[in-house]
Amino acid sequence: MKSALKRAGYKQVHKQMNDVHLQFISKVAFFIILLFAFNLFFAGHYTPGGGFVGGLLTSAAIVLLLIAFDVKTLKKMLPIRFRLLIASGLFLALGVPTGLMFFGYPFFTHEFTEITLPILGEIGLHSATPFDLGVFLTVCGSTLLIIILVGGADD
Amino acid sequence: MTFIHFAIILPLIAAFLIAIIHKYVKGIHLGWFVLPIPFIIVSYLFTLIPTIRNGDTLLLNLNFMPRIGMNYDVYIDGLGLLFAILISGIGTLVVLYSIGYLSQKEKLLNFYIYLLLFMTAMLGVVLLDNVLMLYLFWELTSISSFLLIAFWTTKERSTYGAQKSMLITMFGGFMMLGGFLLLSNLTGTFSIREMISASDQVTGIGAGTLAVVLVLLGAFTKSAQFPFYVWLPDAMEAPTPVSAYLHSATMVKAGLYLVARFTPVFMLSTTWVWTILIVGLITLCWASFNAFIKDDLKAVLAFSTVSQLGLIMSLLGISGLAVVRGANEQIFTVAVVAAVFHIINHATFKGALFMVTGIIDHQTGTRSIKKLGGLMTIMPITFTMALVTSLSMAGIPPFNGFLSKEMFLEAMFEISNANFSALASVGFLFPLLAIVGSIFTFLYSAKIVMQIFLGEETKETPKEPKEASALLLISPAILSLLVVVFGLFPNLLTKSIIDPAAMSIINAVEPLNTKISHWHGFNSPALWATIVIIVVGAALYYFRDTWIFIYKYIKDKFTINYLYDQGLHYITIYSNRFTRMLMTGFLRTYMVYIFGFLVILGFVTMLRTGLNLDFSNLAPIGIQDMILVGVILIALGIIMITKSRMVSIIMLGAVGFSMALFFVFFRAPDLALTQLAIETVTTTLFLVCFYHLPKQSKLPEKRKFKLTNFIVAVGVGAVSILIGLSAFSNRLFESISQYHIDHVYDLAAGKNMVNVILVDFRGYDTVFETLVFGIAGIGIYVLMRLTINNRKDDKNEERAEESRL
Amino acid sequence: MEFITIVLSGVLIGAATYLILSKSVLRIIIGISVLSHGIHLMLLTMGQLKRGNVPILEDSVTNYTDPLPQAMILTAIVISFALTAFSLVLALRNYKVLGSDDTETMKGAQNEN
């Protein structure tokens, strides 16, 4: 990524890429964005948000790290196989609606209950959540796979 | 779900088991595992005969897709049961025969899977009551026939024949589907039985006649009637068990079944009756005339099959008259009974003859009649079977072919005497054609016996001929035995199966009480016709060298085969040319087609329907909206003008972020969030791609090129504005979203409607969207890896790096 | 307001058409992006603008903005991103193999039948 930009003729970028401030801030911001993304994902059923936005923001957070560091450094920081993320996401997105059939519901009829936990209080349990998690994982995995592949192609 | 429902799909289920058995059991011929399946089915079907014999029918419902009226309803009456027994019975014998015929080296698994598929398909055709299901299984028979003809895929003739049969029968199948849809439109049902009871709706010149023509096209293509018979001789490239089974005993009779089944539906249509009668007779004469000259034994039998099918078809035509004129009239019931009887007889003698041909081919290595001769002493058992079945085919007493042939002649004489006003002058043609066709039938039957088994031994055969093994002989022996038994005691069949089948063809209620006898007295014209056929046939055979030259006048150019080949050839050439004319390979051309069509369609629709705009119900405009519109327009303008890719991408980002703000103003928080995130990621992606892409984003373009683009672009913009405005002004329906709003909490326990719609109400959309996203990701991965692998200075380390992603 | 957004989306679609018809692959991809923006705006307008509340269930509110177009647009946004990304990478790879981003030189006419 860094050298890609450099070779493309953007020499002034090079200085910024080693910017300690950027690297430090991006590390902090990464967790903040990630928290926000998870919040959006889990609250999606009640307030704006959901799997798509959550997934996209998560990948945006990781892309921020990518900009601040390098593809190789990033791979060391996050040793995740993104293909696996896509596969498990698709599995969830297809498996949950299919799995519901085994419990006697028609295909794609979500079920929900509410349980009460000691500290957190009443919590909704919803079969749509694992489905949305599948969407989250697929979106996140695909986006990151694309950007890292393209960005890291020549590094 | 009763056993009969299960029996239809039993072969299909067995096909899976066979695949497993094939994998784990070696050494035993796969056919032995297939054999029990048709046997079980035929045994079960025999137990149903007593029910049918009493004149009862069975209707067993099973819902499949009730909302569109497509149900798996089994209806068993005489006709269906007769065909089902033929299918499974001959199927048993054919499987047995194939064990001897096909060696272990062949692709046995494929063969038996196709064969089992065919069995299911055929049972479905004859036992189901629903026309849509009938169509489904009908096409399945075409497919399995295609696969079986092309069984030896490396032979060019096989693939040619397979393609030909596929094209012709599928064409017919589509036509038939059209006919069925018309019929269901007229009668309001997809069930054949209900169609029969509503048959008075199927009248009139327009739709009724069209339905007749379409359904007949299906039947004629499948049953290889003139002029569609051309596929059947080429289908003989299939292994002989297949020819015996599909292309003589069962599949080609599906057309006959269709005609027989729909006779009561079309009972008021004269088109139906006369078309079937005349086409049947023409087919009979033309095919038997052609059969005599063929040199390939299987080709002789193929044309013979075509002509026999024509014979049965013409008899069914007369049965149609029976329904029109009332079932009590003697002549018509004779025709119906003859048709049913001949279906059985033909299956027995032609099935046996095909198997005999297969034995000859197997034992001598050739099917060419010229190279064969004097096999009588070498293969006595085969000879006996060939003699019996050929005599039956020629209509010589006392075999079963004689009985049905005589009834056929009788029916033809009766119809020429019958009081049809239109027939006064041409009525004599019917018995004449029948006799001519029968003479040629006699001739080719004689040819088979005389030139292969009698005469000198030629010593030209590739293999030293010897009698076949018992495994090969047993199936044709059983069929030959049936030929003799049915010939001597025809009344074994009448009560049990012929009468019920005939009754269901003409939709009769009272039992027919048919008696088939060998002797009708000297007054019977059919007797004299038989004598004439034998005498003239023998004379013509003896003096064959003197008249055989007439075949030379039939040039290749005038045959239907030539027409088919040339037609296919030119269709290929012209469609290629047409495609090349339109498909220039230049992306812009295609885009111009698409957008140009949109513009034309849009403007034509607007002109025809007129614009009806209504702006009374608009939302207020805020100052912030106007600013955003301005931003978008300016960014757009810059994108259009600029040559720098950096600027255009930044401006694209500006458009995207403005859109996100629009979503905020228009109270769509989810959209705004998603748009923001997407825009960030997209811009990053564009920037990442920078290194690889050329600096120049705008290529020099000619003025004319630009002008065309500009006109198309303005047109598309204008059309979409007009469509948008008129769609906004005229709301035809209330929005369905009220349902989602009302039930978002009680049905889905959520509060964010957009998200609930995405994951619950319209979850299918989301699943597929996720799939698209995943596919895009994997596609990009593949594309990038291709790039990496193509480079020569690729380092292993880097590859390992990539694979970790 | 609806009138203005419809006209705006028409302008976006028209401009996108012009971009898509040009020769450069990059411009085509930008065109596709612009096209999807125009269509999203059009779709949203069809559900009427600025009527009722944000589509999140609240006890006191009965009047909501139409949520269905929003859900559809959300799907469309994500798909159009996948499409853009894919075509971008396709263009990239194409450029590497053929050395050109001009669609006219990409014709594979000699291999086509």
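Chain A and chain C bury about 660 Å² between them, and carbon and sulfur atoms give 88% of that area. The model is predicted, and the values below are computed from it. Chain C also meets chain B, where the area buried is about 8700 Å². The points below take each interface in turn and then describe the fold of chain A.

**Chain A against chain C**

- The contact involves 8 residues of chain A and 8 residues of chain C.
- A:Phe52, A:Ile146 and A:Val150 together supply 53% of the area that chain A buries against chain C, and no other three residues supply more.
- Between chain A and chain C the count of salt bridges is 0.
- Residue pairs in polar contact across this interface, with both residues at pLDDT 80 or more, also number 0.
- Helix α7 of chain A, residues 128-151, provides the largest share of the side that touches chain C, namely 3 residues.
- Sorted by class, the side of chain A that touches chain C has 5 nonpolar residues, 2 polar residues and 1 charged residue.

**Chain B against chain C**

- Here 100 residues of chain B are in contact with 79 residues of chain C.
- Of the area buried between chain B and chain C, carbon and sulfur atoms give 78%.
- B:Phe666, B:Arg667 and B:Phe728 supply 8% of what chain B buries against chain C, which is more than any other three residues supply.
- The rule finds 0 salt bridges across the interface of chain B and chain C.
- It does find 5 residue pairs in polar contact across the interface of chain B and chain C, both residues of each pair being at pLDDT 80 or more.
- Helix α29 of chain B, residues 703-729, gives the most to the side that touches chain C, with 14 residues.
- That side of chain B is made up of 61 nonpolar, 25 polar and 14 charged residues.

**The fold of chain A**

- Chain A contains 7 helices and 2 strands.
- Along the sequence these elements follow the pattern α-α-α-α-α-α-β-β-α, so that the two strands come just before the final helix in the numbering from the N terminus.
- Chain A has 155 residues, of which 48% count as buried.
- Among contacts in chain A between residues at least 6 apart in sequence, 62% join residues that are at least 24 apart.
- The accessible surface of chain A is about 7600 Å², and 71% of this surface belongs to carbon and sulfur atoms.

Methods. Residues numbered from 1 in each chain as written. Chains lettered and ligands numbered in written order. Predicted model: local features only at pLDDT ≥ 70, side-chain atom pairs only at ≥ 80, totals over all residues. Heavy atoms only, no water. Contact = heavy atoms within 4.5 Å. Buried area = accessible area lost by both parts, 1.4 Å probe. Salt bridge = Lys/Arg side-chain N within 4 Å of Asp/Glu carboxyl O. Polar contact = N/O pair within 3.5 Å; in protein donor to acceptor, adjacent residues only side chain to side chain. Helix = DSSP H or I, 4+ residues; strand = E, 2+ residues; numbered from the N terminus. Nonpolar A, V, L, I, M, F, W, Y, C, P; charged D, E, K, R; others polar. Buried < 20%, exposed > 50% of the residue type's maximum accessible area, 1.4 Å probe, protein only. Areas by Shrake-Rupley, 256 points an atom, 1.4 Å probe, with all protein chains shown as cover.
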